[in-house]
Amino acid sequence: MLYKHLQDTRSCVLLFSETEAFGCRGTIDTKDQGVLMIFNQATELENIRNKTCIYKDTFTLIASSDFLLSENGISTLRSISNDTTLADSIAGVLVYTNGTKPVHFSPAPTYPNKIYGLYPNSTIHWNPNGTNVLFDLFDFPIVFLNEDDSSTALSKVNSNLNCDSTQETVEFKFEMAGRDHKNASSCLSSGTCQPIGGQSVWSIMKARQEEVADEMVISSCKIDSSSFVRGDARGGSAYQSSVVVNLAVAEAISKQTQKKHFKRDLMFTFFDAETWGYSGSQNFLYDLKNFTCVVKSTEDEDICERPYKTSLAFVKNIDYKKIKYVVEVDQIGTQGDVNNIYVHYDNSLVDVNRTSEIISALGSGVIKSDAKEIPPSSLQSFHSYLPKGSFGSVLVADYDTKFKNKYYFDVNDDINNIDVDEICRVSSKLSNAIYTLVSGDTTMNLSANCTFVEIIVGCVLNSSSCEYIPNDSNVEPNHYSGVFSWDATTRRTSSIINNVMGSLTLFGEQPKDVVSCSTKLDCPSNQTCVGGTCVKSTTYFHDAISPAFYFDNDEYKWKIRNLSEFATITSQRPSIYAESNWVSVGVRSFSKNYGYYEGTVTFFGVVLTVLSGFVIAVVRTILSRINDYRSSSSFIK
Amino acid sequence: YLALIGNALIVFGPIVSIFNFYLCNIPQLVIVFVAAAFFYLLSTCLTSAFYFIPGIVNLPYLLVSIGVSIQEIFRFALFLAYLFTERGYERNLKVKLLYGKFAWLHASVAAGLGFATCHALLLNGNVLSQSYGPGTLYLPNCPTITYFTHHSITTLLFVLLNISWMIIGFQGYIKKSVLRIISLLVLHFAASLITVLNNKKDSCLYVLPTLASLVVIGAIISTVELIIICNKDE
């Protein structure tokens, strides 16, 4: 085969924050292919450069994931990137897998989202295995190979080491439209990137229909993850475990809504894009406090045209002043020797009495964390947007002062990194706690449905199809939020949550005619789209994009607000993250001749052409001398 | 793109030279050239029909023999068409189609070039287009030169063979010479069947030299024909 296109490759992309670019900058035409060379130690790089048979001075480096995804490997990659001369020689880096798992690895920082939280000067290292490579910038693509292509690539390396007649070369087509920009503002104005965001989901189980109760309890979790390669955001313990718990709690409590009279409204929130400066929770709380619909839709009173919102249910159903209890579920059931439940809260921020009420509802078997600060979580958004001391809050997690998760935001944080039985156990405990808070009943002993827990774990962490997604196909689980879109169907995680919660929060008489739908926009005004059907439900999507962004309808592009507007609203700094547009992404390998070969063939072709012309001219001359060969006129009388 | 240019020149450089310096000033020969190309195309179309026979692709020798036979039938058909045209031209317009002692030689060269050009386009067109790009390919049958160069050289040899075969063929049909016709068939079958060995390792070490030898033999026979024509009274 002339060209072998490497299939199922996963690559890092180019992203931007407020001040810088990070990720992989992609290729330029003059440096998009390189001779394949293996390197598993930093010292091998000079040996590669000194190979006299390599005429082209660009290389494609190939390294094992064992080496590259280690401290030594990351350090080597950084030193290559910082050495301009060397980096200019690198067309790209291929990473092959040899099937082994590192003892621990995390591409995330040691304190994720620190500058966007309540403690920007904190010295706590919640994620001690963090390398921060997520936020490094590389001037070349880094592509991870599947197992088949890994062995193919390794076999090709050997001929290059031996200086055979051909160079085994790898070409990257990895065009990042925002390549030349240095920050989000610059690339947004050129239209070469889009804000990062997703779709959060919130559901409300009201104490009384058509009324807002005096107090509200919120059970919250994060739903997105990240990874060095965005497509590898498996998010096992961080944070699909919390999604599963939150859904299991909702499922357990939903069976009680008809039987018991709640005294408080109960809301479940599933915040998306939290990885990117708590975008989901910030947007939600910002809207609760500040949203005003300038132009309502004339076709559906539930939709706002400017600013665009697909549902205004949050305006009607939620009064932020009545939020009195917030329980956030964090990483739960991470594989390890010991399974403990820790509660985190900041005494200086919470309503102490209500917080004690939450802890009391949780019962025995929970341990107060030694940390004086709350971990990186959506709770930090709640505390920054809502008045200090106005609500009680607790974060429930399986870690104390540092993450139990050795693979935070790594591809190895998958289904094998969680204990499903522990998740079910914690779900039962939380179900009872939340139920106690909303109903005041301490006698009920709720149990989570472990079968339901297993199904949801399969949906979010297995590559098999999920029964909660109509016409689902087998897809590798990926919980990176991606670029923002108003179309919630682009977010599989959000769709699963919406369909589960939507079926648990049906109310009133359902429509007699079954109307199929893809989104809420396909449904009548007072209905939402759940599992492909329009129903009456109290589950809604909410945009999970940093409130720092706004969409300019006149210029039809995203822009960044003046951040000083936020000073009066929140103590939290709003995040700015964007992802470059991709023009194309692909990798192919091929054999390439040394330059002299093609020149020789061309020279031979030219000589042959000239020689044949000369021979023909000679033959013509001979024939004309022998006979009467002349110009064409002599052939016609 | 250097590989594309080089390989294209190997195949089409001689064709263009012959056409430019030999044929293009003589309209009748250009028509013969085009007609011959068409006849070759027809022969290839007919040969391709045999590929639908189940299992025949596993019998390359049979398939090649069928192709060669059909080509020879069309070569004869081309000769008859040219003869018919020439006689009709003389009968109706009272002038000759081509004058001179070498009229039949020129016609056979033009026809041979037509066959060769169509053969080259069909055989090498697709391969040439794939040579555009940075990648190359070496096959076990010829590990020292690229697949594209090997293909171009083979095509070039067949271009030269086609011209010499047409010269031998036309002379054989005019003179009704069994010896010439048998030589033509032997040369054609030998050249085509030897290419079946191209799937063997290092086969280019004997296939290409064999083809080159056949080119030399064809050139010698064509030269002998030329000498015979020279010595013949008009």
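The following paragraphs describe a helix, an annotated segment and several cysteines of a predicted model. Local features are given only at pLDDT of at least 70, and side-chain atom pairs only at pLDDT 80 or more.

Helices here are DSSP runs of H or I with at least four residues, and strands are runs of E with at least two, numbered from the N terminus. Helix H3 of chain A comprises the 12 residues 71-82; at 1.5 Å a residue it should span 16 Å, which agrees with the 16 Å between its end C-alpha atoms. Its buried residues (under 20% relative accessible area; exposed is over 50%, partly exposed in between, with a 1.4 Å probe and protein chains only) include Gly73(A), Ile74(A), Leu77(A) and Ile80(A). The buried set covers an arc of only 160° around the axis, and therefore lies on the same side of H3(A). Glu71(A) and Asn82(A), on the other side, are exposed.

Residues 601-623 of chain A carry the annotation "transmembrane region" in an unreviewed UniProt entry; such annotations may be inferred rather than shown by experiment. This span is 100% helix and 0% strand, with its end C-alpha atoms 32 Å apart.

Counting pairs of cysteine sulfur atoms within 2.5 Å as disulfides, there are eight over all chains. One of them joins Cys293(A) to Cys304(A), with an S to S distance of 2.0 Å. Cys293(A) lies in the loop between helix H8 and strand S15 of chain A and Cys304(A) in strand S16, so the disulfide ties together parts that are 11 residues apart in sequence. Cys293(A) is partly exposed at 23% relative accessibility, whereas Cys304(A) is buried at 0%.

By contrast, the sulfur of Cys221(A) is too far for a bond, because the closest cysteine sulfur, in Cys459(A), is 15 Å away.

Note on methods:
Residues numbered from 1 in each chain as written. Chains lettered and ligands numbered in written order. Heavy atoms only, no water. Expected span 1.5 Å × (residues − 1). Arc of directions from axis to C-beta.
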